[in-house]
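Let's take a walk through this one together, a step at a time. Have the sequence and the 3D view open as you read.

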There are 2 protein chains.
Amino acid sequence: MADSSNLTPRARAREQTMRDIVRIGREHLATEGAAALSLRAVARDLGLVSSAVYRYVASRDELLTLLVVNGYDELGDAVDAALEPLDRDDHVGRLVAIARATRAWALAEPATYALLFGSPVPGYEAPAEQTTGPGTRVVGRLVEVWEDAWQAGAISLDDAPITPRRLSRDLARVRKQVGITAPDRLVARGLFAWAALFGCVSFEVFGQYGADTFTDPGDLFEHHLAALVEAVGLAQQAR
Amino acid sequence: MADSSNLTPRARAREQTMRDIVRIGREHLATEGAAALSLRAVARDLGLVSSAVYRYVASRDELLTLLVVNGYDELGDAVDAALEPLDRDDHVGRLVAIARATRAWALAEPATYALLFGSPVPGYEAPAEQTTGPGTRVVGRLVEVWEDAWQAGAISLDDAPITPRRLSRDLARVRKQVGITAPDRLVARGLFAWAALFGCVSFEVFGQYGADTFTDPGDLFEHHLAALVEAVGLAQQAR
DNA sequence: AGGTAGAGAGAGCGGTGCTCTCGTTTCAAC
DNA sequence: GTTGAAACGAGAGCACCGCTCTCTCTACCT
């Protein structure tokens, strides 16, 4: 826990300013988008001259990194909150909850979603050591569902081996890293579900369906979700 | 056909300059990305002063629109070329060809792909009247596959009705617009396949898997493709 | 109490999109 | 063939951007 007691006033002021920068940055991100995020504008809203914010943030890219981490954490929290009331053996329910929470958060925070999962910001590469941790929370939850479903025998799976060998080698490494026992084929299915889920969400958030094609895009998402649950071998109904 | 004969020299020079602008714009897009696309830099490469290019292109956004249309057309051509040698009744083959051609083009032109299917460029909205036409070529091809497979009875489909009613109403309108006879449920499945396909491609192009997780991401894509074919009810194998 | 490090202000550099004005060239109507 | 309009390119200029440097002031630690 970041405790601000027994800190010098200057240090507390610094923490406050840091929080303000992230807050104002997120506001600008929401209103103008990632590429239009301007350190000078943040400084103006902060009541500072532009050069002063460089005392806190080394560069525009570093501000972006702060917002990326902040966004991943918020999405992770939203997913965790949606998962909280569910039984551990309600595998379909957990998958559906993850998907719905992701979509809801993405629609509520489209700019941050775009920053995390959209086109990379040109010239900016998120530093892996800061972003992979929070960035893998959602897929981590997905993996947990897979693993539990596998352990409970609640997932249907033909035993065709995965090909080619280099893919099964890669998948084995992934399995080892995250510590799961489910077979390669299941991990690959999980990755497919992950990518497909974000494809559905991105299409909606990024407006690929067109503006007025669907009166409530949520209906279509629910259908996609049902298809996804089925495709993945968790053969119960979504609702 | 845009014929440049019996045109005044000035008009032909204008056409050439237009082509040059798009060409140089695409180069910059590929090397620096969409948000870093600078009209001034294009002007420099063109040997013109920045204000002069405003004789040809009204704004940076209009240049983006030109590149969007150009990109959609190139992707559409790539997909058409991949489809050309295939039999009309090879439904799985056509779906797989569309998917592979899309992925290949996206990996070859990541910046243009990002411009078309990634986060929207802030402050820029693609004018629908110019972009929806070329922008729907790929999904149009997908729909053709669906329709043919349906007509040939080569697609498995349970007859659960689509819910809720407003979704089936929307889908009916879409069906009417594109003139297909396949049932709602199939159209929805097609949209799911579309979104899931682009989710898989985007994850790879945008680097969501991490840099060194897979020795050849193409292996994983092929697996995803097999899952997609299965999920969609075209129950043959992909290879 | 004094030295140091942090904080903010301001000027400045080179870049951006875009506008305006100014000569020059081209084209087409007469 | 002349002439007037339209197209064209150049240049200056505006407001903005990221970022650096220097300056002053003040809070903090020893």
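Start at DNA strand D, which has 21 residues around it, the closest being Ser38(A), Arg40(A), Ser51(A), Arg60(A) and Ser51(B). Keep in mind that what you see is a predicted model. Which elements supply at least two residues each to the surface near DNA strand D? From chain A they are α1, α2, α3 and α4, and from chain B they are α1 and α3. Sort the residues of that surface by class and you get 7 nonpolar, 7 polar and 7 charged.

Now move over to DNA strand C. Here 21 residues surround the strand, and the closest are Ser51(A), Arg10(B), Ser38(B), Arg40(B) and Ser51(B). Two or more residues of the surface near DNA strand C come from each of α1 (9–32) and α3 (50–53) of chain A, and likewise from α1 (9–32), α2 (39–46), α3 (50–53) and α4 (60–83) of chain B. The class count for the surface near DNA strand C reads 7 nonpolar, 7 polar and 7 charged.

How are the two protein chains related? Chain B can be superposed on chain A by a rotation of 180 degrees with 0.0 Å of shift along the axis, at an RMSD of 0.1 Å. The two copies are thus related as by a two-fold rotation axis. If you want to find that axis by eye, look for Gly199(B): among the residues of chain B, its C-alpha comes closest to the rotation axis, at 1.7 Å.

Next, look at where the chains touch. Chain A and chain B put 43 residues each into the contact. On the chain B side, at least two residues apiece come from α6 (110–117), α9 (165–178), α10 (184–205) and α11 (217–232). Of these, α10(B) gives the most, with 11 residues. By class, the side of chain B that touches chain A holds 24 nonpolar, 12 polar and 7 charged residues. Because 100% of the interface residues of chain B are also interface residues in chain A, the copies meet through the same surface.

Let's zoom in on chain A by itself. Chain A is built with 11 helices and 0 strands. Its C-alpha trace spans about 65 × 45 × 35 Å along the principal axes. Of its 239 residues, 41% count as buried. Take the contacts in chain A between residues at least 6 apart in sequence, and 69% of them join residues at least 24 apart.

One helix to follow is α4 of chain A, residues 60–83. This helix has 24 residues and reaches 35 Å from first C-alpha to last, close to the 34 Å expected at 1.5 Å a residue. Its buried residues include Leu63(A), Leu67(A), Tyr72(A), Leu75(A) and Val79(A). And what covers the buried residues of α4(A)? The cover includes α1, α2 (39–46), α5 (91–108), α6 (110–117), α7 (128–135) and α8 (137–151) of chain A.

Finish at a single residue, Tyr113(A), which sits in helix α6 of chain A. Is Tyr113(A) buried or exposed? It counts as buried, because it has 23 C-beta neighbours inside 10 Å. Setting aside its neighbours within four places in sequence, Tyr113(A) is in contact with Ala106(A) and Val205(A). Its C-alpha is separated by 9.7 Å from that of Arg103(A), which is 10 residues away along the chain.

Key:
Residues numbered from 1 in each chain as written. Chains lettered and ligands numbered in written order. Predicted model: local features only at pLDDT ≥ 70, side-chain atom pairs only at ≥ 80, totals over all residues. Near = placed C-beta within 6 Å. Helix = DSSP H or I, 4+ residues; strand = E, 2+ residues; numbered from the N terminus. Nonpolar A, V, L, I, M, F, W, Y, C, P; charged D, E, K, R; others polar. Contact = placed C-beta atoms within 7 Å. Expected span 1.5 Å × (residues − 1). Buried ≥ 20, exposed ≤ 12 C-beta atoms within 10 Å, placed from the backbone. Least-squares fit on C-alpha atoms with pLDDT ≥ 70 in both.
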